[in-house]
Every structure is written in structure tokens, then in C-alpha cells.
Amino acid sequence: MADWYTNFANSGFGTTVTKQLGLPRPAVLRRYEPGRPLLPGPVVIGSAGSGRLRETLTRVVTDAGGTVLPAVEPDGEKPAAVLLDATGVTGPGQLVAAHDFLAPAIKRLRASGRVLVLADPPADADSPATAAARQALDGLVRSIGKELLNGSTANLVFVPEGAESSLASPVRFFLSGRSAYVDGQVVTLSAADVPTGEDADRPLAGRVAVVTGAARGIGAAIARVMARDGAHVVAVDIPAAGQSLAEVANEVGGTALQLDITAADAPARLVEHLRERHGGVDVVVHNAGITRDKLLVNMDAARWNSVMAVNLQAQLDITEALLAAEGVLRDGARVVCVSSQSGIAGNRGQTNYAASKAGIIGMVRAWAPAFAARRATINAVAPGFIVTEMTANMPFGTREVGSRINSLQQGGLPVDVAETIAWLAQPGSAGVNGQTVRVCGQSMLGA
Amino acid sequence: MATTRKAAIVGGNRIPFARSNSAYAQASNQDMLTATLDGLVARFGLQGQQVGEVVAGAVLKHARDFNLTRESVLGSALDPRTPAYDVQQACGTGLEAAVLVANKIALGQIDSGIAGGVDTTSDAPLAVGEDLRRILISLNSAKTVQDRLKAIARIRPGMIAPEIPRNAEPRTGLAMGEHAQLTAHEWQIGREEQDELTVRSHQNMAAAYERGFFDDLVTPFLGLSRDQNLRPDTSLEKLATLKPVFGKALPEGAEATMTAGNSTPLTDGASAVLLASDEWAAEHSLPVLAHLVDAQTAAVDYVHGGEGLLMAPVYAVPTMLARNGLTLQDFDFYEIHEAFASTVLATMKAWEDPAYCKEKLGLDAPLGSIDRAKLNVHGSSLAAGHPFAATGGRIVASLAKTLHEAGPGKRGLISICAAGGQGVVAILES
Ligand SMILES: NC(=O)c1ccc[n+]([C@@H]2O[C@H](COP(=O)([O-])OP(=O)(O)OC[C@H]3O[C@@H](n4cnc5c(N)ncnc54)[C@H](O)[C@@H]3O)[C@@H](O)[C@H]2O)c1
């Protein structure tokens, strides 16, 4: 499933060639497969500061079938993941403890290993020194991400006081193969009523999930992953894409709904469809998106308007209609909006697209409290360079550069975006709200 | 099996209709019917499910397609244990299939079923001439090399030309259009009213596409997402420029009025309709768009009886109305299949004609006229095209949706003429 270069670089001959020429040596990433253990090896957990999460973390790992190493020995068993509980750091002086724990552990880290740091949110700090220490962890984690080799990733989770019960789902995600292409990310949790007891292999069992733009590309991958995780998928795309939409729906045992999401009556039709056919909806993935690239000075209103209509306005209108329709958006609903790296970093020729995708980030942040009040969540996912039919048509040079300028030295796959979305859609992800998670292999753009 | 129940129409699916030898030139009947079933399965989430029966057919059919519908089911996402059979009643095939499924549902023999139809004029079966066919059969049964050589030696170059199926009535040798032109002449159907009906069909269908009416009735196929024959910008002026294409059989001096514009072109396509009991629909959380209330067939003696080839529905409708205690005006929508614009006009004129209604239909009073604003409101075959066996399914699904949109208690009439002097008509009610 990796791209040709990654396959080549990992072949016998390719290894020799790429080593001698000093070319990037992208790793074959560890990706999630149902039924396989969470991690291919044990977890080591350390602390900096007073640390209030150690017990919770140990329980999360063991509940997920993982084992915890008491310590890393220079020639002992290699850890597959390194967890640092940095809650309780009160000043920069305590950060050296982070260094002391992480350095030997990362040295022994297995391929496709995981470094996950947990800390209190800087914004909640009661002194500048505490805020500084907490914020310092952000720079630490991002730098570790850039230093790690062999498909390993580093991410940071801020855990406010009282949000400890939200921890299990994010920790499982970041340790598992579901987060293969999520690197250098920061997620801030919130306190929530987190349901427990979901089936780890079918966390979306019994849920109805709408996926827009599902006829191909990332949307089709989202439909597949959602169905694999147990959801009934309502696959939405424009009528003209109906043939492949039907193929996707039939493949995943879902249903096809041909609908242009920008039509004036689209929100009403979708709401009615969900009410009539499913009695409501649990998960909505706003994935449909288009590009109409031109430099701003050359861009006509049609290009601007069509991109805004599909990428941003339709997400707003449909979400609003779902919120307004009595009983349609079910208790514990999850809305996930697909943004883009361009919405974070900007991109030449994509003023319209980047504006629409940045707008999504603002939208989910603003809506989060209202969703929380309904025991629901709304989040965004911002893909980086994802290998699709679309990118396959790019000129070779653009494509190769685009796919290598990230810490994992490769493009992501549609399934990587889909896994992150499916994670956010899980009932257990109740404490992840208003966040934008990049799926970009720690891209250098906009980081 | 005590009482009967009315079969519900849950929804439908068709592929856009293509002009002959165009977008679907490489597609077989089985390809098109399978894709249509798969689109229906996707729309209603029927993957791996068994429906009571799938009934469909094709008018132009290869010998190898003897089990066309069952083979299509096996190639589809439906449970392979779903039984299926083929029917054929010329252009009435699709509606007749729906009636057959509805009747079994009504009797409680099945709880759900799919009715459909498909036709290709691009991948039509070719037959060899009778002489060659006999030689080939004896070649096949020859036991010795000598016998085989003898058989081969009997083949003459002139025998090689294949027989292409023609759109002609076997008993009169006249194309269907020639028959329709005779009827148009008899009923004095003018060129302009035919062209007007044609323009309205295109405009109605184009408007329906524009407002998304077909979003849940059509699934694109092989790059086509709308009917290829549809001309949203057609006009009376444009149609007026077309030359008549039928009229060989007209009496001296009679005006030929039927053109390629106001007649349906040869078309490829397929359609399917999902029918069920109300309970089955409710169990599957599927809507009931309408019920199939009643149906009727009729046939006319167009060979010796002096009746027009396509006039059978004119006879079928009053029988069905009487049985249901209805008048022709008791409907909110009318779907009269536009084989030719003149057919629709002659049908309506016959129902308005006191003498004809008395003498031919045996009625005390004429059936009367119908409100044109209720006729083929989302376009019909002149705009969509007419892949023979697929037309019935197109009409049933579109009318059921039209009735559903209009609200409960609305009634629609379907009238479809067919080759061989036959007609199939039905009543749907929301
Ligand atoms: N491919 C990448 O590298 C990448 C990177 C960042 C973000 N994204 C985003 O991911 C999403 C999916 O991208 P993709 O690469 O799979 O693109 P894609 O073009 O392959 O698929 C997008 C789908 O959305 C559908 N769509 C477009 N307009 C629609 C409308 N009005 N109503 C309903 N459906 C509509 C299209 O028909 C298509 O099937 C988009 O939002 C895109 O902006 C992609």
C-alpha cells in the first residue's frame, strides 16, 4: 500500500542505492489492522513534574492489551512506545527530567514507534513560568518528531484538570497504527462524559455515518474505514458521480445518496433522508471538496464562489440544519470536517481554497461549546500531501517534492486521513472537541 | 392467503438512456441490467439481501441471454439466492413486469420484488439467413469429415449477409412508425401539435433534471449522467426543420407529419423498480411512494380489424376505470408513453370522440379529455428516449415519486402501447 519510492527504498537493491546516494529512506509505516495488538512491543511510561496521569496511562495501555515496561535498559527489551507524563511541571527547571527520561528511551525505540507527551494546557497555567514550561513541551515534541527515524512519530496531548477520563481514546489512537501519518500534532482534551465499553475492533457498531464526497479518493477511504469499524455509511456525492458512488456503497454495505451539497434544498433533503431512512444520524463527515486554482489577481468570481460554496458554506448549512432538526443529530453525535494543510500554511494559487479550509478550522472551534452542550463533538482534520488519483496526475517533480517534505518522508494514504476521522467519530472520543488534527506526517508547510 | 394487499412502490433506479450506437455501444443487456440493479441495491441498502423475486426482460435479446434476469442478479450485489425470471411483452415489458411482481406481493406470495427491463439497439442480436442457418445446423450434426465438407460446400456468398432485427411488425412488414403515421392520419393529428408535445416533453424533463427530481431515480453509467436524447433547448422552430421519416403507407396526397424529432429514437438503457408490501418497507425503514392499485392489458386486431397498431391502451383504460369506479378525469397525473407524439395525441383524441367511444369501446359517453397540465409532467419517452423494455420501469418510478411529492391520496394513470397491437395500463395511488 506504500508508494513506489517507499517500496523501492525498502527493497534490497533500493536500500543500497538510496543509502549510497544519501536519498531519503522513507519507512513502511505501521498501519492499523483489526485484530492485531495495539503495539508490536511494550510501552514505557515516565514522568516530569509531579505527574497525575501515570496510573490512568498504565490502565489505558493494559486495558488495550499492551504491556508496560518498568524501565528501559540499555540492552533490555525495546519499547514500541514512550509515554511521558509531564503534567505538574511548574517551571522550565523541571524539563530536564523530560530529557533524562526520553533520551535513553527513544534511543531504544522500535520502528514505527510512538512518542506521546501529556501535559497541562499552557493557557490554564497560573504563572508565566508554568506556562513557559508547558509551552516548551510543544517545541520539544515537534523537534523529536523531526529527529525520529523509521516511521516513528511524536505527538503532544494537553490534558486539562478534570479531563483525565477523556484520555483513553486519544492515547489508544496515538499509540496504534491508526495514527501512522499523524506526527508533530498537539491535541487539547476537554472534560466530557465518556462512554465506556465499546468494542475496540468495531467502535462504530450500530452507528449511522454520513460521508460526503464518498464516490472516490479520501471520501471512499473514509466510507471503507467507517464500515470496517461497524458503521452504516450513507455515502453522498454529486449525481454525476453516481456510478462510482453506488460501487462504494455496495462495497461497504451502505447506501448511496446522490446529492449536490450546494443545492439550496440539500440540507433539507439530507435531513429528511436521515430521518426517514435511519431515524437520525450519529456521525457526519464533511469531506466533499473542490479546488479551482488561480492566482488571486487572475481569479474570477465563479472560481471563488464555487470553492466557498462546496468547501465551507455547505458544511455550515448542513451542520446548522442537522442541529436545528429535532432529534436527527443523535445524542453523542460526531461531526468531522475535512480541512487542509493549505488552510494552515496557505498555498500559492489557492487563495479561495485556503480561505475555505482555514474557515473550517474557525468553524469547528466556534461550534465546539454548543456541541459539547449536546454531548456531541465537532472537529476538523487537515490532510497534508495525500496520495490519490488527483496527486498521481501531478507532474513528477511536484509530486515527489510534495510527498517528501515531511518528517516521514512520504505522502500519506487516503486511509490515514480516514483512520483519524474514524477515531474522532468514536463514542470514546467525547473529550476531543473543537480540535484540528493534521494528517501530514509533520509537514514542513505551515508547521 | 386470505385477503390481498396493495403492493407498494418503494423507489426505482435507471441508467441514463443512450442513443443507439453511442455511449453504451459496448454494453450488453446484461451489463446494463446488472448496473441498474446495483444502483437500486446501493440506493436502498439491499447488499446481500434476498428479495422475493426479480422480474425483467428485454425485447431484443441474444439467444445466450435466455436467463438474462437471473444472470444479472447473479452478477449484482443482491443475495445470489434471489430467484428471477424473464418476461417479454414488447414495449409493455417493464410495466407488465411491475404488475407481475405487484400481483405476487398482493397475494402474499412474496413480500418484496424488483421489476425491470433493459434493451440495447446497439448490441442487438444478429441472425443468419434461414438457408445458412440450416446448413450450419447440418454442419454441426455431421459425423464425418466428408459430411462436413459437403455441408460447407453448400454455402453461397449471398447467404453470408446477416439479418438485422428490424423495428417492423412481422404480420404487416410495416415499421411501427409507419403504423403510427397511418393512425395519425386517420385521427388527423397535425405536425404542429406533435412538435408542441415534443417540445413540452423535453422542457419538462430538463426542468426535472435541473431541480434534482432524478437524483434518486437515475444512476450514471459509462460516463453518461443524463439521457443523451434530451434537448433542453429544442424549439418548435428547430423541430419544424426536420423532414418526415415515415409515410410510405399513407394514401396519395396525405401529409406525412412524423419526424425524427416527434418520434422516439432507437435507445439503449435499463430500469428497475423496487416493490414491496407496506410491512416489508416499514421493516426496512424504506418509504412507500405509491401503491399499484390495478392494471389491465388489451390487444387490438391491427392486421385485419382496421384498428391502429398502437391503440390497445385506448381499450384497456375504460375497462380498468370501470372496474375501479373511476372516470378518466379522476387522476392527478397521466403518463402516456410517448412512443410517438402522434400516439399520445391519437389516444387522447379517441377518448374524446363520442362515436369511437360508443362503437369501438362500447361506452355510452366518451371518456372525455384530460388536463394537459397533468400529462407527462416530468417528460416522457420523446425526451428520455425509449429502450423498449426499460420504459415501463422509468414511468412507474417517476410517477410514484411524482405522486409522493404531491402528497397522500393522489392518483396517476399509466398507459403504454406495445408492438403486436398490445397495451398495458395501470393505476398508481399515493
Ligand atoms: N488529496 C489531498 O492531498 C488532499 C489534501 C488536503 C485536503 N484534501 C481534502 O480532502 C477532501 C477529499 O479530497 P480528495 O482528494 O479525495 O478529492 P476528490 O476530488 O478525489 O474527491 C472529492 C469528492 O467530492 C465530491 N464533491 C465535489 N463537489 C461536491 C458537491 N457539491 N456535492 C457533493 N459532493 C461533491 C466529488 O464529486 C468527489 O467525489 C477534500 O475536502 C479535499 O479538499 C485533500
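**View 1. One salt bridge joins chain B and chain A across their interface.** The model you are looking at is predicted. The partners in the salt bridge are R269(A) and D215(B), whose closest N and O atoms are 2.7 Å apart. Salt bridges are not the whole story here, as there are also 11 residue pairs in polar contact between chain B and chain A, both residues having pLDDT 80 or more. How many residues does the contact take from each chain? Chain B gives 22 residues and chain A gives 15 residues. The size of an interface is often given as the accessible area lost when the parts come together. Between chain B and chain A, the buried area is about 1400 Å², with 45% of it coming from carbon and sulfur atoms.

**View 2. Helix 6 of chain B, residues 176-186, is largely enclosed by the rest of the structure.** Why can we say this of helix 6? Because eight of its 11 residues are buried. Try finding them in the model: M176(B), G177(B), E178(B), H179(B), A180(B), Q181(B), T183(B) and A184(B). These buried residues pack against two other helices of chain B, namely helix 7 (191-210) and helix 11 (341-352). Once you have followed helix 6 along the chain, look for Q188(B) after it, where phi is positive, near 50 degrees.

**View 3. Helix 14 of chain B, residues 391-406, holds S398(B) and also T391(B).** Let us take the two residues in turn. S398(B) counts as buried because its relative accessibility is 7%, and a residue is called buried when the value is under 20%. Leaving out residues up to four places away in sequence, S398(B) touches F213(B), F214(B) and L217(B). T391(B) is buried too, at 0% relative accessibility. With residues up to four places away again left out, the contacts of T391(B) are H337(B), S381(B) and H386(B).

**View 4. V233(A) sits in strand 8 of chain A, residues 232-237.** Is V233(A) buried or exposed? V233(A) has 0% relative accessibility, so it counts as buried. Neighbours within four places in sequence set aside, V233(A) is in contact with A209(A), V211(A), A223(A), M226(A), A227(A), V252(A), G254(A) and T255(A). You can also look across to L424(A), which is 191 residues from V233(A) along the chain. The C-alpha atoms of V233(A) and L424(A) are separated by 16 Å.

**View 5. V145(B), L149(B) and I152(B) make a nonpolar surface patch of about 280 Å².** To get your bearings, find I152(B) in helix 5 of chain B, which covers residues 145-153. The relative accessible area of I152(B) is 43%, so this residue is partly exposed.

**View 6. Q409(A) and L222(B) each have a positive phi.** Most residues other than glycine have a negative phi. Q409(A) is not a glycine, yet its phi is about 55 degrees. Look for Q409(A) in the loop between helix 14 (396-404) and helix 15 (414-425) of chain A. With 29% relative accessibility, Q409(A) counts as partly exposed. In chain B, L222(B) is another residue other than glycine, with phi near 45 degrees. Where does L222(B) lie? L222(B) is found in the loop between helix 7 and helix 8 (236-240) of chain B. L222(B) is partly exposed, at 43% relative accessibility.

Note on methods:
Residues numbered from 1 in each chain as written. Chains lettered and ligands numbered in written order. Predicted model: local features only at pLDDT ≥ 70, side-chain atom pairs only at ≥ 80, totals over all residues. Heavy atoms only, no water. Patch = residues over 30% accessible without salt bridge, like charges linked within 9 Å, V, L, I, M, F, W, Y side chains within 5 Å. Areas by Shrake-Rupley, 256 points an atom, 1.4 Å probe, with all protein chains shown as cover. Salt bridge = Lys/Arg side-chain N within 4 Å of Asp/Glu carboxyl O. Helix = DSSP H or I, 4+ residues; strand = E, 2+ residues; numbered from the N terminus. Buried < 20%, exposed > 50% of the residue type's maximum accessible area, 1.4 Å probe, protein only. Contact = heavy atoms within 4.5 Å. Buried area = accessible area lost by both parts, 1.4 Å probe. Polar contact = N/O pair within 3.5 Å; in protein donor to acceptor, adjacent residues only side chain to side chain.
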